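Please open the structure in a viewer and keep the selection tool at hand. The tour below proceeds from one selection to the next.

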Amino acid sequence: MVGLVWVGVLMIDLWNIEKIDQIRDIRTQREIFLRDQQFWNNNAKNISQILQRYSSFTQNVESLKLGLLQLENDLKANALSLGLKEVKFISQTEMAGEGRVPIKLVFNGTFKAASQWLDKLQEDLPCVGIQNIKVSLDPLAEQAKFQVSINYRYNLSLAESAV
Amino acid sequence: MPIRGFIKGTDKFPIQKCAIFCKFKEIKGLRGGVLLYAAQAISPIDAEIAEKGHLWTETRYLVPVYGRTGLLFSLRNRILDTPKMKFTHQNYLISIVDDETLYFVEINSRGESNAVYSIALEALFVSDPPADTIPASIRDRKNTLLIVPDYWLGNSSYKFQSRKKSLADAFVARKLHEQFPDQPEIKYFFDGTFYQREQTEKWVYAYFLQDPQFFQLHPQLAHFNLQPHRITCPALIWQQKIRQEIPEFDSGGKGFVQLLPKMGLLYFFFEGNFLFSRKIPLAGAQLQPSDNYDAIAYELNQSLYLFSQKAKTEIDKLYLVSHEAESGRALSEVLGREIHDLNYLINGSNALQNSATETGAIGFLSPSDLLPGKSFLSLCHRVLKKELEWKPVQFAGIAVGLILFFLLGIETIVLHKWSHQIQLPRSIGGNSLTVEESHEIQQYNEALDAILNELERRSPQEVLRKIAQSLPPNVRIQEMVLETEDNPGVDLKGAVRADDPEHFKACLSTLIANINENFQGRRMMTASDIDFEVNQNQPSQGGQDYLINFRLDL
């Protein structure tokens with residue numbers, strides 16, 4: 001009898017705890033929703049700008065190969081326009097992660113030209129993130145040799161693929 | 001004709017035929033208006049009832065009797081023409097074994113008793129007794145007390161130094177097992193109390209049920225769910241009753257005589273503990289009272305001798321309760337020693353006047369002495385005792401559980417109503433967000449983190465420019481690795497051309513000062529952060545080359 005009563009107490013207690021959790025979840029959801037709504041009403045314009053900028057961090061491509069081809073073309077064009085020489089584009093697709101491909105760029109040039117190229121890269125291609133830069137200077141040579149490791153962030157766009 | 005003659009050979013008394021008993025009221029010639037027992041001597045009336053009512057067929061069954069006072073003691077006789085007692089207080093069922101018969105009596109807190117049923121032990125001691133052996137009105141009731149004859153209880157005293165009950169119980173159980181190897185059930189029916197002799201000697205007084213009839217009776221009572229909660233005998237009840245009144249009762253040997261009209265009961269106590277008793281049938285009105293006193297005195301002297309053998313001491317005081325006021329003086333003269341009158345113990349008790357005309361199992365004890373709250377030595381089946389001990393805990397557990405259940409139930413109702421009042425976000429009306437908008441807000445946090453990370457990161461081209469600006473003219477970079485993501489920093493290897501160590505030192509100071517100026521917001525660089533060595537392979541013209549190497553954490 002005692003056991004029965006206490007089992008009943010325990011069950012009703014557990015049921016109440018479950019109910020309290022449910023109510024708390026609903027209240028949390030409700031609170032989040034209301035705050036989101038308020039936030040959206042006040043910052044809709046800023047949110048869209050932020051999201052737009054964030055979306056520029058990845059490039060929508062129809063296929064990875066096409067994306068890499070376009071990137072190589074853009075990078076080389078920029079480099080050559082700034083007087084950088086012996087530009088090599090080495091994509092390391094075997095080390096690719098999800099939506100991300102490491103690429104190694106090798107070129108020769110002056111510090112100034114390299115710096116300008118990096119400026120242009122950051123401005124025109126936000127989908128490229130610089131990992132590291134190795135600079136070697138031969139005492140006899142006038143120019144430095146640069147090895148730049150970058151991450152190319154892409155997003156396979158199915159809609160565009162279908163088109 | 002004695003009523004037993006009618007009772008013998010009967011089988012069953014149909015309780016439902018209560019109307020039959022109305023005849024008793026109609027019988028003329030009965031005396032007394034309170035508790036009227038039909039004495040065995042009034043045989044014509046019994047015969048009349050037996051013939052007209054056909055009541056007694058096999059076993060002895062009693063007409064439900066209602067008495068204002070006193071217990072059944074004369075339940076072997078029937079009560080006739082007594083008004084039914086209306087119990088306004090809680091009724092307790094007790095059972096009494098006397099003269100090979102089991103009686104069931106109802107008592108209440110006002111000291112009223114009502115004998116409800118009796119059955120011969122012989123009729124009860126059958127294997128698998130039929131369900132109607134005990135009437136349904138009694139079955140499954142709480143049997144608060146079972147009073148057994150004194151001789152059903154045994155007692156022993158053991159020297160035992162410890163005062164731990166558990167140790168004493170184990171000790172007594174072992175002793176009883178040795179003493180009564182044929183009664184394995186005895187281990188469930190014993191108890192003990194501690195007492196001290198001669199200031200230093202510690203003893204345990206063990207009392208136990210020893211009569212084989214009890215071990216037949218108890219399972220049958222349990223079979224009908226009438227397991228007694230307490231088991232005692234009249235001697236133990238008197239022991240407590242006298243002890244409460246007479247403080248010196250607990251020391252030395254004491255005798256107690258209970259003089260009933262047809263019976264004398266002798267009880268002997270040592271150090272306040274019951275030792276043995278004697279039951280002496282008396283001749284009643286047929287002989288002179290002095291003959292009864294002689295008989296009592298004779299038996300008393302015999303018992304005193306037995307007592308002195310058992311207790312190794314003499315009885316120092318004798319007490320008496322009697323139905324006759326002069327008994328104390330008369331018996332004292334016959335016995336030649338003082339007897340202390342304890343009639344005041346029973347004065348005012350209605351038991352006296354009833355027992356004065358009848359003899360019985362518990363003599364002058366009144367129903368109020370047998371109520372559940374009364375304190376006297378008693379036994380209980382050890383398993384049942386444990387169950388009863390745990391009952392308050394169980395009750396408390398149930399009570400607390402039910403209170404909690406009730407409170408939690410209220411909480412459940414409140415929560416249920418509350419949960420209905422709180423609407424889910426989807427169901428909130430008005431200018432609510434669309435799914436896309438909600439999704440964009442979810443993405444917003446992620447986007448913001450990514451953008452902030454990007455902004456916080458030092459721009460590599462800026463780092464390159466600042467490094468170039470920081471280098472003094474005579475410092476030439478040989479190799480430089482700039483990490484921007486996982487562990488941002490610059491590893492630089494270069495060469496410094498200096499005229500002498502002082503010049504080299506000055507160059508390093510300039511380099512450090514420039515770096516600290518250009519890269520602010522990080523740990524200040526010191527000379528110890530730069531490792532260097534002299535370049536031994538260079539041609540010795542135009543100064544000395546020093547190879548430097550350092551890491552600059554960003």
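How many of the eight residues of strand β14 (residues 315-322) of chain B are buried? Six of them are, and the strand is thus described as mostly covered; a residue is buried if 20 or more other C-beta atoms lie within 10 Å of its own, exposed if 12 or fewer, and partly exposed in between, with C-beta atoms placed from the backbone. The model is predicted, so that local features need pLDDT of at least 70 and side-chain atom pairs count only at pLDDT 80 or more, whereas totals for chains, interfaces and linings use all residues. Residues are numbered from 1 along each chain as its sequence is written, while chains are lettered from A and ligands numbered from 1 in the order in which they are written. Helices (H or I, at least four residues) and strands (E, at least two) are DSSP runs, numbered from the N terminus.

**Around β14 of chain B**

Keep β14(B) selected and add strand β11 (residues 253-260) of chain B. The two strands pair in the parallel sense over seven bridges; strands pair if DSSP finds at least two bridges between them. To locate one of these positions, select B:Gln258, whose bridge partner in β14(B) is B:Val321.

Next, add strand β15 (residues 340-341) of chain B, which runs parallel to β14(B) and is joined to it by two bridges. Here B:Leu320 has B:Asp341 of β15(B) as its bridge partner. Following the chain from β14(B) to β15(B) leads through helix α9 (residues 327-335) of chain B, in a right-handed β-α-β crossover. A crossover is right-handed if, with the strands pointing away from the viewer, the path from the first strand over the helix to the second runs clockwise.

**Two loop residues of chain B**

Select B:Asp99, in the loop between β3 (91-98) and β4 (101-108) of chain B. The phi of B:Asp99 is positive, near 50 degrees. Most residues other than glycine have a negative phi. B:Asp99 counts as partly exposed because it has 13 C-beta neighbours inside 10 Å.

Move on to B:Asn225, in the loop between α6 (212-223) and β10 (231-232) of chain B. Its phi is also a positive value, near 55 degrees. Why does B:Asn225 count as partly exposed? The reason is its 13 C-beta neighbours inside 10 Å.

**Chain A**

Now select chain A, with its four helices and five strands. Along the sequence they follow the pattern α-β-α-β-β-α-β-β-α. Of the 163 residues in chain A, 18% are buried.

Colour chain A by pLDDT, the predictor's confidence in each residue, from 0 to 100. The average for chain A is 86, and 96% of the residues score at least 70. Among the elements of chain A, strand β3 (residues 100-109) has the highest mean, 91, and helix α4 (residues 158-162) the lowest, 53.

**Where the chains meet**

Finally, display both chains. The contact takes 44 residues from chain A and 45 residues from chain B; two residues are in contact if their C-beta atoms, placed from the backbone, lie within 7 Å. On the side of chain A that touches chain B, α1 (2-56), α3 (111-124) and β4 (128-137) each supply at least two residues, and α1(A) gives the most, with 27 residues.

Select β4(A) together with strand β16 (residues 475-483) of chain B: five bridges join these strands, which run antiparallel. Within this pairing, A:Lys134 stands opposite B:Val481 in β16(B).
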